[in-house]
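Colleague: I have this model open on my screen and would like a close look at just one of its helices. Could you walk me through that part and then show me how the rest sits around it?

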Amino acid sequence: MKRNLFITLLIVFNIAIDQISKMWVRANFEYGEIKNLIGDKFIMQYVENKGAFLGMGSDMNATLKLILLLILPTLVLGYVIYYIIKNKELDRLSLIAFCCIIGGGIANVFDRITRGEVTDFFFINLGGVFKTGIFNVADLSVTTGMIILLFSGILSKKEKATAS
């Protein structure tokens, strides 16, 4: 029970932080408004995304959007929740990673269901070195979860190699 409570709280935390940040942006920004956070490197710009990551698929027909942006992600998220609850062998780092991915995924699917679009507002531009599209906290949760999962997999392989 303690493990399932940890999973639930971490997923809910990811969803809550995302939804609170989106509500704050919608209440405090005009659509398209830009505010510099740290010079012109870290920027906030309020936009609504009708597609997936970086607006991909925003021009798809309604049936395809329903399948690819709502039904399929919901099924995948459901399976991943089932997987982490049933798989008691997952290490703590992988569990945290999956919870971040699930929380971010649910938050964006929730937006698509309730609003028909996803609120995005962060933008990073480090000149020629690194530049992102406009994203939100849910996207950050999913990306962080993927990086942690990758890192966890590398650590796990090193531990197995050392044990052998």
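**A close look at one helix**

Modeller: Sure, and a bit of context before we zoom in: among contacts in the protein between residues at least 6 apart in sequence, 61% join residues at least 24 apart. Keep in mind that this is a predicted model. The chain has 164 residues, and 36% of them count as buried. There are four helices and three strands, and going along the sequence they come in the order α-β-β-α-α-β-α.

The helix to look at is α2, which covers residues 62–86. With its 25 residues, α2 spans 35 Å from first C-alpha to last, close to the 36 Å expected at 1.5 Å a residue. Even so, α2 has a bend of about 30° at Ile 71, with Pro 73 following within four residues. At the N-terminal end you'll find a cap: Asn 61 places a side-chain oxygen 3.0 Å from the backbone nitrogen of Thr 63.

Now, which residues of α2 are buried? They are Lys 65, Leu 69, Leu 70, Leu 77, Val 80 and Ile 84. Note that a lysine is on that list, Lys 65. As for what they pack against, the buried residues of α2 meet α1 (2–28) and α3 (92–115).

That brings us to α1, where Ile 15 is a handy place to look. Outside its neighbours within four places in sequence, Ile 15 is in contact with Gly 103, Ile 106 and Ala 107. Take Ala 107: its C-alpha lies 5.1 Å from that of Ile 15, although the two are 92 residues apart along the chain.

Ser 21 is in α1 too. Ser 21 has a relative accessible area of 15%, so it counts as buried, the cut-off being under 20%. Setting aside residues up to four places away in sequence, Ser 21 touches Phe 121 and Val 137.

Before α2 in the sequence there's also a hairpin, made by β1 and β2 with three residues between them. Gly 39 sits in the turn and has a positive phi of about 55°. Strands β1 (residues 34–38) and β2 (residues 42–49) pair in the antiparallel sense over four bridges, and Lys 35 stands opposite Met 44 in β2.

Zooming back out, the C-alpha atoms fill a box of roughly 55 × 40 × 30 Å along the principal axes. The accessible surface of the protein is about 10000 Å², with 69% of that belonging to carbon and sulfur atoms.

Technical notes: Residues numbered from 1 in each chain as written. Predicted model: local features only at pLDDT ≥ 70, side-chain atom pairs only at ≥ 80, totals over all residues. Heavy atoms only, no water. Helix = DSSP H or I, 4+ residues; strand = E, 2+ residues; numbered from the N terminus. Expected span 1.5 Å × (residues − 1). Bend = angle between axes of the 7 residues up to and from the residue. Buried < 20%, exposed > 50% of the residue type's maximum accessible area, 1.4 Å probe, protein only. Contact = heavy atoms within 4.5 Å. Polar contact = N/O pair within 3.5 Å; in protein donor to acceptor, adjacent residues only side chain to side chain. Pairing = 2+ DSSP bridges. Areas by Shrake-Rupley, 256 points an atom, 1.4 Å probe, with all protein chains shown as cover.
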